[in-house]
Amino acid sequence: MRVEGAIFDVDGVLVASPHERAWREALEQTMATEWRTLAAAVGYHPDSWTTAVYQEFVAGRPRLSGARAALEYFRVPEAERRALEYAERKQQRLVELIEAGEFIAFPDALRLALALKARGVRLAAASSSKNANRFMDLIRLDEFAQREGLREPKVPPGQTLLELFDANVCGRDLPQGKPHPAIFLLAAEELGLAPAACLVVEDAPAGIQAAKAGGMAALGIARVGDEALLVAAGSDVVVTGLDQVAPDVLADGRLERVLANS
Ligand SMILES: [Mg+2]
């Protein structure tokens, strides 16, 4: 079946966003000031926040439950109460990093989105994060298209990534998050398309599961060496870079033949 709609997750697919850094720096700052006595009592050291800790306890979780899980990991007492304060500080730090432009868009994802757009595929953004639109609003597509020498599709002057999408359901309040398919089904509905005519591009196993549960095709992008997890989650195809995807083949719905050069 031809792919008529492509639904993109944002963090880890379109944008390398500084969530991990914001979590780490917010805790470091709080432990060095208000929670100073506490920091000494639990033996906290800034180096103990590693990427592995982030992936295991925080990544992909709603903000508050991520905050609580991290504080429990660091043996902070009254983690539930303190999680509120920590989550708020993380959000403040994240906004500072966004405003300082401390993030990048993944060029391969922008190339794929624009190539699909040029082929008449309708595009949607579907992240559970309430920050996704802030990132996308700061990514200038016109400058990207100029740097890449892209002629098709026409990117109007000043156009941002946020303005590229025909539908955007990022940060919508839904009763259930991924791996429940609700967010992707809503995106398909707002594109005016049947789920079976849509392809989801995701970097997280929970997102792949959500796409398949919604009856959609799923393209997994493994940016951190996690191909096996994305395959196990049910991806129709997994790539380590979105330039491995031939847009014509993909738009034709021939997912099994999508790996152009790998
Ligand atoms: Mg993601």
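Helices (H or I, at least four residues) and strands (E, at least two) are DSSP runs, numbered from the N terminus. The structure is a predicted model, in which local features need pLDDT of at least 70 and side-chain atom pairs count only at pLDDT 80 or more, while totals for chains, interfaces and linings use all residues. Residues are numbered from 1 along each chain as its sequence is written, and side-chain values use heavy atoms, with hydrogens and water left out.

**Exercise 1.** State how many helices and strands the protein chain has, and assess its compactness.

*Solution.* Step 1: the protein chain has 12 helices and 8 strands. Step 2: its radius of gyration, taken over C-alpha atoms, is 19 Å, close to the 18 Å from the globule rule for 262 residues, so the chain is as compact as a globular protein of that length. The globule rule is 2.2 Å times the number of residues to the power 0.38.

**Exercise 2.** Describe the largest nonpolar core and locate it relative to the domains.

*Solution.* Step 1: a nonpolar core is a set of buried (under 20% relative accessible area, 1.4 Å probe, protein chains only) Ala, Val, Leu, Ile, Met, Phe, Trp, Tyr and Cys residues joined through side-chain atoms within 4.5 Å. Step 2: the largest core has 47 residues, and Phe8, Leu14, Leu116, Leu123, Leu161 and Leu219 touch the most other members. Step 3: helix α6 (residues 107-118) gives the most to this core, with 6 residues. Step 4: the core lies between domain 1 (5-16 + 103-251) and domain 2 (19-99), because both give residues to it; the bounds come from an automatic or database domain assignment.

Notes. Buried < 20%, exposed > 50% of the residue type's maximum accessible area, 1.4 Å probe, protein only.
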